[in-house]
Amino acid sequence: MPYTANKPGRTPSSEELRARIPGWGADLDAADRPAFPREQPGISTGAHWALPQQQNTYRPRERSLEHERLTPVFGTAQPLRGVAGKVRRYAYEKYSEGQAAHWLLLVAGDRIDAASAHVKSLFTRRPDDPITQSGVLGERGRHPFASRFGRGRVDLKHAWLDPILVVGPWVLAGVLVFKAGRAIVRPASRRG
């Protein structure tokens with residue numbers, strides 16, 4: 001009888017609980033644990049190694065402070081580079097995974113990487129198109145307002161911020177190009 005003023009009585013013993021609740025206390029006795037036989041020394045797993053062979057490293061790799069050594073196998077598809085890479089490396093070198101600063105720096109590195117990709121796209125022959133690539137036009141025929149309101153969607157809390165994040169960099173780039181062009185044109189018009 002939980003949540004009553006009367007004391008519920010004595011606490012049942014382990015044997016009584018085990019008899020009443022199937023699987024209760026499976027972690028108490030090692031013989032009852034499903035993984036226990038595999039934890040015994042000398043049992044063959046079929047592996048031909050005690051520790052996997054270390055993957056070759058061609059450049060310094062990130063390693064959390066908690067780990068004594070680099071894991072035997074690691075991904076190499078996205079090497080760190082640029083300012084974002086420096087931020088991520090700093091997060092691994094200075095902060096433990098248990099600290100918020102570690103994860104905030106990794107998020108900041110991700111945002112820096114995304115922003116630099118957007119800036120790089122401005123200087124290509126086919127820059128990013130915020131209208132078609134953001135999915136705004138895809139919602140046009142699928143009841144965009146009815147699907148958002150009155151349905152308890154959590155993303156409505158930050159929906160007002162989405163246009164700023166999508167269009168903001170384009171507006172900023174346009175302002176910078178305008179100011180740079182104006183700075184070039186003004187001195188030339190004063191000379192003439």
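## The big picture

Of the 192 residues in this protein, buried ones make up 9%. What you're looking at is a predicted model, so it helps to check how confident the predictor was. The average pLDDT across the protein is 79, and 80% of the residues score at least 70. Confidence hits its high point in helix H3, at a mean of 93, and its low point in helix H2 (residues 36-39), at 62.

What kinds of elements are in here, and how many helices and strands are there? The count is 5 helices and 0 strands. Walk along from the N terminus and the pattern reads α-α-α-α-α. Now take the contacts between residues at least 6 apart in sequence: 29% of them join residues at least 24 apart.

## Getting to know helix H4

Let's pick out H4, which covers residues 100-122. H4 is 23 residues long, and from its first C-alpha to its last it reaches 33 Å. That is close to the expected 33 Å, at 1.5 Å a residue.

Which residues of H4 are buried? They are His 102, Leu 106, Gly 109 and Ser 121. Part of what covers the buried residues of H4 is helix H3, residues 82-94.

## A closer look at Ser 121

Ser 121 sits in helix H4. Is Ser 121 buried or exposed? Its relative accessibility is 8%, and because the cut-off for buried is under 20%, Ser 121 counts as buried.

So who does Ser 121 touch? Leaving out residues up to four places away in sequence, Ser 121 is in contact with Arg 126, Pro 127 and Asp 128.

## The second largest pocket

H4 also helps to line a pocket, the second largest one in the model. This pocket has a volume of about 410 Å³. Its lining is made of 18 residues, and those nearest the centre are His 118, Val 119, Val 166, Pro 169 and Trp 170.

Where does the lining come from? Helix H4 and helix H5 (162-191) each give at least two residues to it. The largest share belongs to H5, with 8 residues. Sort the lining by class and you get 12 nonpolar, 4 polar and 2 charged residues.

## Pulling it together

H4 turns up in two parts of this story: it holds buried residues, Ser 121 among them, and it supplies residues to the lining of the second largest pocket. H5 joins H4 in that lining and makes the largest contribution to it.

Methods:
Residues are numbered from 1 along each chain as its sequence is written. This is a predicted model: local features need pLDDT of at least 70, side-chain atom pairs count only at pLDDT 80 or more; totals for chains, interfaces and linings use all residues. Side-chain values use heavy atoms; hydrogens and water are left out. On a 1 Å grid over the protein atoms alone, a cavity is a set of points where a 1.4 Å probe fits but cannot get out, and a pocket is an open set with protein on both sides within 12 Å along at least five of seven lines; lining residues have an atom within 4 Å of a point. Grid points are joined across faces, edges and corners, and a volume is the space filled by probe spheres set on the points. Helices (H or I, at least four residues) and strands (E, at least two) are DSSP runs, numbered from the N terminus. Ala, Val, Leu, Ile, Met, Phe, Trp, Tyr, Cys and Pro count as nonpolar, Asp, Glu, Lys and Arg as charged, and the others, Gly among them, as polar. Buried means under 20% relative accessible area, exposed over 50%, partly exposed in between (1.4 Å probe, protein chains only). Contact means heavy atoms within 4.5 Å. The expected span of a helix is 1.5 Å times one less than its number of residues. pLDDT is the predictor's confidence in each residue, from 0 to 100.
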